Every structure is written in C-alpha cells, then in structure tokens.
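User: I am in my first year and would like a close look at a single part of this model. Please take the helix α3 and its surroundings, and explain each step plainly.

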Amino acid sequence: MSEREFDVIVIGAGPAGEVCAGRLGEAGQEVAIVESHLVGGECSFYACMPSKAMLRPGELLAEVRRIPGVREAATSDLDAGAVLSRRDQIIHDLDDSGMEPWLTKRGVAIVRAPGRLDGERRVRAGDDTLVARKAVVVATGSSPLIPPIDGLREAEPWTNREATTAKEVPARLAILGGGVVGVEMAQAYASLGSEVTLIERGDRLIAKEEPFASDHVEQSLRERGVDIRLGVSATAVRAEGREVTLALDQGGPARAEELLVAIGRRLNTDDIGLDTVGLEPGKPIAVDDSMRATDWLYAIGDVNGRALLTHMGKYQARIAADVILGQPSGCVASTADGSRSPRVIFTDPHVAAVGYTLAAAHQDGLDVRAFDVPTQGSAGASFYGRDDARGTARLVVDDKRGVIVGATFTGPEIAEFLHAATIAVVGEVQLDRLFHAVPAFPTRSELWLYLLEALGIAGPCGGPPRA
Ligand SMILES: Cc1cc2nc3c(=O)[nH]c(=O)nc-3n(C[C@H](O)[C@H](O)[C@H](O)COP(=O)(O)OP(=O)(O)OC[C@H]3O[C@@H](n4cnc5c(N)ncnc54)[C@H](O)[C@@H]3O)c2cc1C
C-alpha cells in the first residue's frame, strides 16, 4: 500500500479521460490516469469504432448497388467473416497496449485498477492511494441500462459490448430499443445476414430527431427486411436452449437466437466514492460550464449526463484541462454541449443533425421556421445513388436573429455535411453572409444554395426569409 502525489488524477481512460490527461500532461502537469478495464474506453472497443466498422461495408455495398456500371461488379452479399475480422483489427482484438503510448509520451502515469474517490482530492486505486495537488477529474463513462423485465437478466441478453464484439452473426437477432444503438445495430446485423426484429415502445424510431429522419431510417430498415414493431413493449423474456422468446404487449412473441438490449445508458457514478465527498452516488455528476462539480472535482464525458457522445466528451475534456491549467473559466466555458450537440446516426441513410429540431425549438419558445430541400437535388448528387438515395436537408431558422439554430440532413454518406452546419449554428453566422460561402461545383454541398433559395436569401443583398 502506497501513497503517491500528482497534480491531477483522472479516473477513467475513455476518450474524455484520455484527452484531458494528455492535454494536462503536454502542459507539464504531473498526471495519473486510473483505468479499470481498457485504455480507450467504451468508444474504442465496444461502441463507436466497432459499430461503424460493422456498418460501413453494408452501407458501401448498398451505395454500389444504387449506381449502374458498378452495381454489376457487386456479385454477392457481404462476407460476414471478413467484416468481423476487419472489425477485430479496428478494435485491436480488445488489446489496448497500442493506446498507452499516446498517454505515456505525454508523461501521464497509467494506473491499472478500479478508482474510487476517498475524500477530498484523494483516490483509492487498488491498494494505492493517489493524492491530487490540484484536481480530480471523473471520466468513468456509462454502462448499458437493463430494464426490470421479467426473465430478462436470466436470459443473459447482449449489450452493446457483445453486439460489437460478436464472433458470429446470429441467424435471428431481436433488439429492444429503437434509439441510435438499436437502429445502427439493426442495420449492421441485417446487412451481415441476421433476421432482425426491432422492438420500440414509442411510436417512432430515433424519437429525438426530426420526424422525417425517423421515417427515412424506418423505411430503409424495413427495405432491408427488419421487422420493426412500434408502440410495442416486451413484458417477459424466456431463454430455452439456443432460443430467446420475448412476450410482447401487442402481437405475437418475438423469437431469436440473441437479444440485444439497447434502451439507454446508466452513468457510472454508483460505486466511485461520490458519498465520500458529499455527492450523491447513482446520479449524473452535475457540473457547471467549466466542468467543475466542486472547486477541485471535475466530471467530463458521459458521466456528467450533458451529452453522451465521444466528441462532446473530448470537448469537455479540453475545457476542464484548460480551466485546471488556470485559464479563466469564463473564456473557455462550454457553450455548445447538451442535447443540441452535433450528432450522427450512421444508418443508410445517415442522419446528421446539430442544434434544434423544429419541435425542440418550439418547446423552448423560439420563434422559428423550418426550410426543407431534397438532399439529392444538386449536380454533385448525380454521382451518388441519387433517385434511390433520397434524403431531406432541413434548416431551422430564427427569423428575428437571422441565424440558423438547427440543421438536420438525411441521405447516403451525409455525415461529412454536418460540420458546415455546425459552424453556421455555433458561430451564429448571419444568414446573408452565407450567400458568400460558395460551395464547390459539383459537390453535394451545393444543396446549401438550394437551402438559401428556400430561405429567400439567394442574392447578395439578402432579404427576409420567405413566408
Ligand atoms: C454502440 C454504441 C455506439 C456509439 N457510437 C458513437 C459514435 O459513433 N459517436 C459518438 O460520438 N458516440 C458514440 N457512442 C457514445 C460513446 O461511446 C460515449 O459517449 C463515449 O464512449 C463516452 O466517453 P467517456 O470517456 O465519457 O466514457 P467511456 O468511453 O465509457 O470510458 C470510461 C472509462 O472509464 C473506465 N472506468 C469506469 N469506472 C472506473 C473506475 N471506477 N475506475 C477506473 N476506471 C473506470 C471504463 O473502464 C472506461 O474505460 C456510442 C455508444 C454506443 C453504446
């Protein structure tokens, strides 16, 4: 048992913890990062990276099949075994040794143990006590939520961990939950050959996004053969032999070899010693816009509940590090996280959104209007699947302030469109300036011209949005 001192101790080496520790280390701070499982966190091994590795081949094949000339070259279905081995390469066969050098090069000490707060500025890591001179940063992330459904736990369902690391594709997969993880995994497994049943309690998929995005994803999943049951809840689960049966409150039961639970996340705050510093375990760690929970305790990434997205965790990590390094917190405070953060759902079509949906803006009392154009309308779209690859681009515009407060795009491979919209929304670019932001020909970004026309500002003198 030893006691060691550092300037800063970070608990959890997911994307948020790593970025924070690395930034502090680079600035010359003595930093320890405590990790109980894999350096790289959920994102690198069981979430973002493997899920995208499993989605991309099917997406690519679908796009190839939409384009004459190359369609003829695609003569068979995906090679599921090859897709899964490529996925294994991307997640380094769950070996995180390749992730360590990024931290050690920055002078960060990696402590492999579960970490637990043990009073002010103190962290127990296995048998060791680590003491922080300046700050402790909690970045312990989140875990899958398992609802209290009769027989569910006993049936040993898949969570995102099993779904993203499976070595074989089940003949039938049932998925509980039609949020982001549910729809992405439904598409991935359908493209790899599973018969997928997707059960969602609400009346639409990805319910936080624009209704047209839900429709487009639903239609595309149905076209891939996914059996989507909306407005349906599972009431009991039984596992017998190799089969899982879900009793549903409407319609016949769903049967599958595997069941994936994808109904949401639980923040990892229940067993990290929050009670030893006067905070309540089991709740999100509430932080201010500089990520501070108290004058010495910071919480970044999923664990503070502000935005459960890797890029936003990393954004918060940079903010926390800079505040710890002595930047005035007012100048680096977060102004851009929360439910309006940029987000992408990597189905085919993609759904890429930033800022408000129309409904969320109305809920917040904003005086806004929505302007829609087809995503596939530009010359640049001719080289994509075009008519078979439809989508919608929507801007939500605050007329009074003359700025865009939200944007949603659906369409094939549309994720890269998002950042232009993020700059416009976060930068509060005045609409008439956008006339001068000329998209190159023939790129699909020319859809911005059509959006500006829809807004009635297709000329250099601008003008009010059309009624
Ligand atoms: C299937 C799936 C797909 C996703 N896809 C995307 C995507 O495409 N893009 C995106 O932006 N987001 C995506 N997300 C969300 C993203 O994975 C999370 O937002 C992100 O991983 C959060 O990062 P984090 O650093 O806060 O926590 P995590 O990545 O959860 O890392 C936390 C780390 O802390 C460690 N830890 C926990 N408790 C302790 C302890 N007591 N002591 C020591 N270590 C501890 C854990 O072992 C882990 O390594 C996806 C999520 C899922 C489930």
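Analyst: What follows describes one helix, then the ligand beside it, then a few backbone details elsewhere. The model is a predicted one.

Helix α3 runs over residues 48-65, which makes 18 residues. At 1.5 Å a residue the helix should span 26 Å, and its end C-alpha atoms are 26 Å apart, so the expected and actual spans agree. The helix also has a bend of about 25° at Leu55. A proline, Pro57, follows that position within four residues.

Which residues of α3 are buried? They are Pro50, Ser51, Ala53, Met54, Leu55, Gly58, Glu59, Leu61, Ala62 and Glu63. Leu55, where the helix bends, is thus on the buried list. The buried residues pack against four helices and a strand by name: α2 (41-46), α4 (80-90), α6 (160-165), α7 (180-191) and β18 (350-355).

The helix also takes part in the surroundings of the ligand. α3 supplies at least two residues of the shell around the ligand, and so do α1 (15-26), β2 (31-35), α2 and α9 (310-324). In total, 36 residues surround the ligand. The closest are Glu35, Lys52, Gly115, Asp302 and Thr310. Some backbone atoms lie beside ligand oxygens. A backbone N or O atom of Thr310 is 2.9 Å from an oxygen atom of the ligand, one of Ala16 is 3.0 Å from such an oxygen, and one of Leu308 is 3.4 Å from such an oxygen. Taken alone, the ligand exposes 1000 Å², and the protein buries 89% of that.

Two neighbours of α3 lead on to backbone details. The strand β18 packs against the buried residues of α3, and the loop between β17 (343-345) and β18 holds Pro349. The peptide bond from Asp348 to Pro349 is cis, with omega near 10°. Most peptide bonds are trans. The helix α4 is another packing partner, and His92 lies in the loop between α4 and α5 (100-104). Phi of His92 is near 50°, a positive value in a residue other than glycine. Most residues other than glycine have a negative phi. Is His92 buried or exposed? His92 counts as partly exposed because its relative accessibility is 44%, which lies between the 20% and 50% cut-offs.

Note on methods: Residues are numbered from 1 along each chain as its sequence is written. This is a predicted model: local features need pLDDT of at least 70, side-chain atom pairs count only at pLDDT 80 or more; totals for chains, interfaces and linings use all residues. Side-chain values use heavy atoms; hydrogens and water are left out. The expected span of a helix is 1.5 Å times one less than its number of residues. The bend at a residue is the angle between axes fitted to the seven residues ending there and the seven starting there. Buried means under 20% relative accessible area, exposed over 50%, partly exposed in between (1.4 Å probe, protein chains only). Contact means heavy atoms within 4.5 Å. A residue is near a molecule or strand if one of its heavy atoms lies within 4 Å of it. A polar contact is a pair of N or O atoms within 3.5 Å; within protein, one must be able to donate a hydrogen and the other to accept it, and residues adjacent in sequence count only if both atoms are side-chain atoms. Accessible areas come from the Shrake-Rupley method with a 1.4 Å probe; for residues, only the protein chains shown count as cover.
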